[in-house]
Structure formats: structure tokens, C-alpha cells
Amino acid sequence: MGEDEQLMQTIHLANVACGFHAGDFSIMDKTVQLAKQHGVLIGAHPSLPDRQGFGRREMKMDADELNKCITYQVGALCGFLTKHGLTLNHIKPHGAMYGMISRDIVLARAATEVAKSFNVALMGLAGTCHQQAATELGVPFIAEWFADLEYSPEGTLLITREHVPVSTSTVRERVQTLMEKHEITTVAGTVPLPDDVTEVSICCHSDTPGAVEIAAVVKALVDTHNTGG
């Protein structure tokens, strides 16, 4: 799904689906090889078991079950990383799982325990249960922001089943607002980033229409910003 080969030439980090919402053993193997070829760091992208809904439909799951669900998927990806001489960089839950653990500290702790057991960072939303659980458990936290999705007036990420097209000019404006003002663009204006967030990983989804062009715009802006241009 998506245009992985082209995207790998642009991105710094790849969140690799582990089979529960997309991907399979052959796709994971190929994706890991592509990442290695382009020097891209790899994170596990575990999901609720919902291929038909692409992992973007919520379901009831207690903390212990969620922990096992994530461990199973991360372990599968790590097998391919070992095969190709690479290591896991982080864990970033996908879709509905991502949203659920951003609001529920018990589930967030269960997910973060997996990151701790694999000795990697957790990637998630700053100022939510993602960051709280990582802090509590002493797990490195990578704050994330989405260039191709919208945020509510309060600054909450709006997770949708399908991603609608977004123009590169809109993405450019959002990224510039984030980097220059430390503010998140919402459907009603902007909200500030949490004070303790100084670095942000910018996400571009491979299933968003025009993903390759969006990623190229984001990378150019980030590279210019990081070099003081």
C-alpha cells in the first residue's frame, strides 16, 4: 500500500505495519530491505487486529490483551530486522489503537511496557497519555505531529478511516507554523505545542493521496529549518 519505494528516498523514519492492519511477512521483509538500502530508521507500527477496517476502528481490549497484541507484532518485525542486520528504533501504535492509548492511561502504560521490554522509544502525541506513560516508565518519548491530518479546535488529532487529499500549499503552511511559531494548526486556528516539547517528528501517511509530493515538501522545509536556512 502506498508508494513505499519513492517515499523511502525522502523520509528519515519509517513506521512499518506488522500485519494486523496492513502488510504481511513478504511486505515486511521487502520494506525492511528498502529502509536499509536508503538508511531509514525503522519503527514498529502495531495495530488492533482489523485488516478490513485498516486498523482505524476501535474495539474493546483490556491492558493485558493490548500488551500481548503489540508484543506479537513487534516481535514479528524484529525477526526481519535481525535477518537484515538492523535494529528497532521505536514503536508507534497505529490508527484506533493510537487514539485509544492517547486517552486511556492504563492502556498507554500497557503499550509503553512493550517499548520498555524492547528497549526502544515510544512515538506519540505530546501532552497525552502517550507522553505521560513514557515519562512514568522511563521510556524515551518521540513527540509526533501530523502534516496531512487535521486537529480539533482543542488540538486533538482527528483520526479518520480514510485520508482525504490535502494540498502541498496547506501542508507547507502547517509545517511553517509548527517550526516558526511552535504552534499546531487546527480547524479553528492554532494551539501552542506543550512547553516541554522542543523536537517533533513529522508524520506523512503513505495512504494519503499525493503522499510522495507531501513528504518531499515536508523534508525540504525541515532540512532548511535544521540547517538554519
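Contact is taken here to mean heavy atoms within 4.5 Å. In the predicted model, among contacts between residues at least 6 apart in sequence, 73% join residues at least 24 apart. The chain contains eight helices and eight strands.

The overall dimensions were examined next. For 229 residues, a compact globule would be expected to have a radius of gyration near 17 Å, and the chain agrees with this expectation because its own value is 17 Å. Along the principal axes, the C-alpha atoms fill a box of roughly 40 × 35 × 35 Å.

Burial and surface composition were then considered. Of the 229 residues in the chain, 48% are buried. The exposed area of the chain amounts to about 11,200 Å², of which 51% is supplied by carbon and sulfur atoms. With respect to charge, the chain carries 27 negative and 17 positive side chains; the centres of these two sets lie 4 Å apart.

Helix α4, spanning residues 95-103, is largely enclosed by the rest of the structure, because eight of its nine residues are buried, that is, under 20% relative accessible area. The buried positions in α4 are G95, A96, M97, Y98, G99, M100, I101 and S102. The surroundings of these residues comprise both helices and strands: the buried residues of α4 pack against the helices α3 (63-83), α5 (105-117) and α6 (129-137), and against the strands β4 (121-124) and β5 (141-146).

Technical notes:
Residues are numbered from 1 along each chain as its sequence is written. This is a predicted model: local features need pLDDT of at least 70, side-chain atom pairs count only at pLDDT 80 or more; totals for chains, interfaces and linings use all residues. Side-chain values use heavy atoms; hydrogens and water are left out. Helices (H or I, at least four residues) and strands (E, at least two) are DSSP runs, numbered from the N terminus. The radius of gyration is taken over C-alpha atoms; the globule rule is 2.2 Å times the number of residues to the power 0.38. Buried means under 20% relative accessible area, exposed over 50%, partly exposed in between (1.4 Å probe, protein chains only). Accessible areas come from the Shrake-Rupley method with a 1.4 Å probe; for residues, only the protein chains shown count as cover. Lys and Arg count as positive and Asp and Glu as negative; His and the chain ends are not counted. The place of a charge is taken as NZ of Lys, CZ of Arg, CG of Asp or CD of Glu.
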